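Welcome! Here are some short exercises, each with a worked solution, to help you find your way around a new structure.

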Amino acid sequence: MINWLKSLAFTTVVAIMSGCANRQAVPSINCKLADATYPLELSKLDILAAENFVHLSDEITGRIEQTVREYYTNECAVNGDTVAFSVNDILIRTLRLRDSSHSVFLLLLRHIPTGAVNGKLLFYNNNERRFINDVAIDFNLHALYCYEDGQLKPTNLEDELKLEMPELQLVDVDSDGINEFELKRLYHNGTANAIETTVLKIGKQRIDTLAFTQEWI
């Protein structure tokens, strides 16, 4: 009876240790944080320079990791052909832009297997220390940039059209003295191109689209 109990106890300990090992086997994500300033022009920014060693709260780090994992799981073609890639291959860089009230985290993501550059935006209230948007906002940049040989490079379209514009800047469209966030990107449907401009306004509990325009070029 004693031997049986010892055997049971040993088996239980092994099972617990095995379970802990399995949980620890999930790799953490390097947030690859770098600070940037407004207006943000990615073509003029060396985003792959050494990241800043800035301490982030567990909430912020966890939200960045969650966003990358959701993108990897829900939007990338994760199958037998892409087993060589991991979630850490997805995140190119996290850029943090701050004003007195809010921090914006722009996650530059590499799509698997296409290599297209996508973006996700997270808005953080500095005063209340909480994220404003429950779901990351899409900011697709694949028509402007590609990721090759470990570098963020302009696409042929950007070179041909000779585009020079900030992707993200602060504006005050409604003249209320409160900053809004203007996003600019190139839309390409295969035959035609347009500059899309979106102005986002942050309220107490939500983010609203204040304006949206398309300028065909």
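**Exercise 1. Find the polar partners of R185.**

Keep in mind that this is a predicted model. Begin with the side chain of R185, which makes a polar contact with the side chain of E196 at 2.6 Å. Next, look for a backbone partner: the backbone oxygen of N140 lies 2.8 Å from a polar atom of the R185 side chain. Then place R185 in the fold, where it belongs to strand β10, residues 180–188. To finish, widen the view to contacts beyond four places in sequence, and you meet F139, N140, L144, M165, A194, I195 and E196.

**Exercise 2. Decide whether R185 is buried or exposed.**

Take the relative accessible area of R185, which is 14%. The cut-off for buried is under 20%. R185 is therefore buried.

**Exercise 3. Work out which parts of the chain the salt bridge between R96 and D35 ties together.**

First, check the pair: the side chains of R96 and D35 meet in a salt bridge, with 2.8 Å from N to O. Now locate both ends. R96 lies in strand β2 (residues 91–98) and D35 in strand β1 (residues 33–35), so the pair ties together parts 61 residues apart in sequence. Last, compare their surroundings: R96 is buried, with a relative accessible area of 8%, whereas D35 is partly exposed at 30%.

**Exercise 4. Do the same for K120 and D138.**

Start with the distance: the closest N and O atoms of this salt bridge are 2.2 Å apart. K120 sits in strand β4 (residues 117–125) and D138 in strand β6 (residues 137–138), so this pair ties together parts that are 18 residues apart in sequence. As for accessibility, K120 is buried at 7%, while D138 counts as exposed at 53%.

**Exercise 5. Look for other salt bridges in the structure.**

A helpful starting idea is that side chains of opposite charge can pair when their charged atoms come close. One such pair is R130 with E128, whose closest N and O atoms are 2.5 Å apart; E128 counts as partly exposed, at 49% relative accessibility. Elsewhere, D174, D176, E180 and K201 are linked in a network of salt bridges. A search of the whole structure finds 11 salt bridges.

**Exercise 6. Sum up the whole protein.**

Count the elements first: there are three helices and 12 strands. Then turn to burial, where buried residues make up 41% of the 217 residues. Finally, consider the surface: the protein exposes about 12400 Å², and carbon and sulfur atoms supply 52% of it.

Methods
Residues are numbered from 1 along each chain as its sequence is written. This is a predicted model: local features need pLDDT of at least 70, side-chain atom pairs count only at pLDDT 80 or more; totals for chains, interfaces and linings use all residues. Side-chain values use heavy atoms; hydrogens and water are left out. Helices (H or I, at least four residues) and strands (E, at least two) are DSSP runs, numbered from the N terminus. Buried means under 20% relative accessible area, exposed over 50%, partly exposed in between (1.4 Å probe, protein chains only). A polar contact is a pair of N or O atoms within 3.5 Å; within protein, one must be able to donate a hydrogen and the other to accept it, and residues adjacent in sequence count only if both atoms are side-chain atoms. Contact means heavy atoms within 4.5 Å. Accessible areas come from the Shrake-Rupley method with a 1.4 Å probe; for residues, only the protein chains shown count as cover. A salt bridge is a side-chain nitrogen of Lys or Arg within 4 Å of a carboxyl oxygen of Asp or Glu.
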